Amino acid sequence: ERQEHIRNFSIVAHIDHGKSTLADRILELTDTVAKRDMQDQLLDSMDLERERGITIKLNAVELHYKAKNGENYIFHLIDTPGHVDFSYEVSRSLAACEGAVLVVDAAQGVEAQTLANVYLAIDDNLEIVPVINKIDLPAADPERVRKEIEDVVGLDASDAVLTSAKAGIGVSELLEQIVDKIPAPDGKIDAPLKALIFDSKYDDYRGVVLSIRLMEGMVKRGDKIRLVNSNAVYEVTEVGVNSPDPIKKDYLMAGDVGYLAASIKTIKDARVGDTVTSANNTDVIPLEGYREMNPMVYSGLYPTDNAKFNDLREALEKLQLNDAALEFEPESSQALGFGFRCGFLGLLHMDVVQERLEREFNLDLITTAPSVTYKVDLTDDTEIEVENPSDMPDASQIKSVREPYVNANIMVPSEYVGAVMELAQYRRGIFDTMDYIDDNRVNVKYELPLSEIIFDFFDKLKSSTRGYASLDYELGEYKVSNLVKIDILLNGDQVDALSFIAHRDFAQQRGNEITASLKKIIPRRNFEIPVQAAIGNKIIARTNIKAYRKDVTSKIHTGDPDRRAKLLDKQKRGKKRMKAVGRVEVPQEAFMAVLKTD
Ligand code: GDP
Ligand code: MG
């Protein structure tokens, strides 16, 4: 009876098409959040999400809706991120649902992540409810977008709801469609417990708190549960739902989406994708978990203070619970000491991990330049994988080096196709196909080296198409490339953490660019610092950071106290993310400089 009144759905869309704002209106309309407590993108509860205006984490909430038919429904709504780096959050959300609300911007139409997310939902056999949002915009063209959804995505959009999440138009019609179109969960309530862990986070008081979707059975406080893959047994201390603040419940049953705490302190027991069952149920077939995510890029994470290595390990373990795509293993660097080589889904992901580690765990970190994984065929006929450029063997031992390519989808108005192709060609792209989405937009497909797109490709793409292009990509094949390792020497010492891999045709140019930018970034000392780039023993570029003449600190002692305090403060902040390498102070930007191109 209750189960028939449950609707579980995720909201998916391309970034910025209005998912979180639509979730706001739904929270309001269902009186889940009082008007006075309402704020924009309420479910973006992390500081980082609010500051950047993007959703990073999935967020599941329970709402109560009285439909026009007079019945009361329980909605479990999961808001999801739109950025390609966080698509793992989307796929995990979808596995907890029967339906997906697909939001498409009425002015922009179908974009690269619209398609990517729809495919995820279709793979999971979800009922898709299309919504055309932002109809209040002067540039909105809902009928064109309706056609696009039908032609490009292949969904029936004839009764797609037209909404303005901003102005609150069409939202109650959407809620009615959710009731009508999205199936209620099935799954036996009197069967043994079977629940999917789709997210988790560490809480100092309650231990690991699991986000679960119950597929079968029930769970309540005091129950003994077993996590199937880790085979660990715990006693449930609390179950509940987020609405959006946590509300304790007496029980959760098949079809529900909620949370469970069981004083789980052993972090590795509580993996996302695992199945929760009752302790005495030993012959359960685990639910199909999640595809392991392979990191796209790797970089080194080092505490600026070497004594914080163990703190960093603990922080990474805890963060990994809440960020299932994060990977890490210890590594060491001559220049930076002990740290971790971490795997990320992209640079935004890497940036977010660094920020979260610093904010939530109070650490100061240096990240080294991200690198893709190279496959190296050696002269002794063995093959190795190189995730850290400084591990690249000597050229004399190498037969060939292969690098990962991605299959990229770029959607763009046709007038910018030329600009897109020029950029893709310059980034060593291999043209694949070009299809018209409608009269004036095309979908261009390229194979591109992953290393060429991870850093600033998207920015360059945006600026060369006046912001109109959208990009989505997935890992493709490895291909042989003419690649070389470039080492950087500061004050005559090679700094392993600054080594990087480049295509031979661009090596000279990159060497020049990098020495020039390091010269700008690295603070002067009272001696001259030579900055060199080398391939093997051969120096390919060189510049000098001049010694400073004046005593800068003496300036601080003059001037008014206010200004002095400010200067000191600035200096203190400048010190953060700085690492002494020999006698040279290397700031964080230096490690990223090796990726910048003009
Ligand atoms: P998300 O990335 O899909 O979650 O998108 P957000 O909900 O964060 O919205 C992105 C931007 O679009 C924000 O500035 C919103 O205020 C704006 N926005 C969302 N819905 C509408 C709408 O219906 N009309 C207009 N004009 N702007 C909207
Ligand atoms: Mg959002």
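**Entry 1: Lys 19**

I began with Lys 19 and looked up its accessibility in this predicted model. Lys 19 has a relative accessible area of 5%, so I recorded this residue as buried, the cut-off being under 20%. I then placed Lys 19 in the chain and found this residue in helix 1.

Which residues touch Lys 19, once neighbours within four places in sequence are set aside? I listed Ile 11, Val 12, Ala 13 and His 14, and further along the chain Asp 79, Thr 80, Pro 81 and Gly 82. I also noted a polar contact made by the side chain of Lys 19, which reaches the backbone oxygen of Ala 13 at 3.2 Å.

**Entry 2: His 17**

I turned next to His 17, which sits in the loop that links strand 1 (6–13) to helix 1 (19–29). Is His 17 buried or exposed? I entered His 17 as buried, because its relative accessible area is 0%.

I then looked up the contacts of His 17, again without the neighbours within four places in sequence. Among them I found Val 103, Val 104, Asp 105, Gln 108 and Gly 109. The list also includes Glu 111, Thr 114, Asn 133 and Lys 134.

**Entry 3: The annotation**

I consulted the UniProt record, an unreviewed entry, for a "binding site" annotation. The record gives this annotation to Asp 16, His 17, Gly 18, Lys 19, Ser 20 and Thr 21, and also to Asn 133, Lys 134, Ile 135 and Asp 136. Both residues of my earlier entries, Lys 19 and His 17, are therefore covered by the annotation in that record.

**Entry 4: Ligand 1**

I examined the surroundings of ligand 1 and noted 15 residues around it. The closest are Asp 16, Lys 19, Thr 21, Asp 136 and Ala 165. I sorted the shell by class and recorded three nonpolar, seven polar and five charged residues. Which element supplies the largest share of the shell? I found that helix 1 does, with three residues.

I then looked up polar contacts to oxygen atoms of ligand 1. For Asp 16, a backbone N or O atom lies 2.8 Å from such an oxygen. For His 17, a polar backbone atom is 3.4 Å from an oxygen of the ligand. For Lys 134, a polar side-chain atom lies 3.1 Å from a ligand oxygen. I also noted that ligand 1 taken alone exposes 570 Å², of which the protein buries 83%.

**Entry 5: Lys 134 and Asn 362**

I returned to Lys 134 and found this residue in the loop between strand 5 (127–133) and helix 5 (142–153). I recorded Lys 134 as partly exposed, since its relative accessible area is 23%. Its phi is near 65 degrees, a positive value in a residue other than glycine.

I noted a positive phi at Asn 362 as well, about 55 degrees, although this residue is not a glycine. Asn 362 belongs to the loop between helix 8 (347–360) and strand 20 (365–367). At a relative accessible area of 66%, Asn 362 is exposed.

**Entry 6: The loop between strand 12 and strand 13**

I closed with the loop between strand 12 (238–242) and strand 13 (246–249), where Pro 244 is placed. A cis peptide bond joins Ser 243 to Pro 244, with omega about -15 degrees. Asp 245 lies in this loop too, and I entered Asp 245 as exposed because its relative accessibility is 58%. I finally looked up Asp 245 and Glu 62, which are 183 residues apart along the chain, and found their C-alpha atoms separated by 9.7 Å.

Methods
Residues numbered from 1 in each chain as written. Chains lettered and ligands numbered in written order. Predicted model: local features only at pLDDT ≥ 70, side-chain atom pairs only at ≥ 80, totals over all residues. Heavy atoms only, no water. UniProt positions renumbered as here; feature names shortened; annotations may be inferred. Helix = DSSP H or I, 4+ residues; strand = E, 2+ residues; numbered from the N terminus. Buried < 20%, exposed > 50% of the residue type's maximum accessible area, 1.4 Å probe, protein only. Contact = heavy atoms within 4.5 Å. Polar contact = N/O pair within 3.5 Å; in protein donor to acceptor, adjacent residues only side chain to side chain. Near = heavy atom within 4 Å. Areas by Shrake-Rupley, 256 points an atom, 1.4 Å probe, with all protein chains shown as cover. Nonpolar A, V, L, I, M, F, W, Y, C, P; charged D, E, K, R; others polar.
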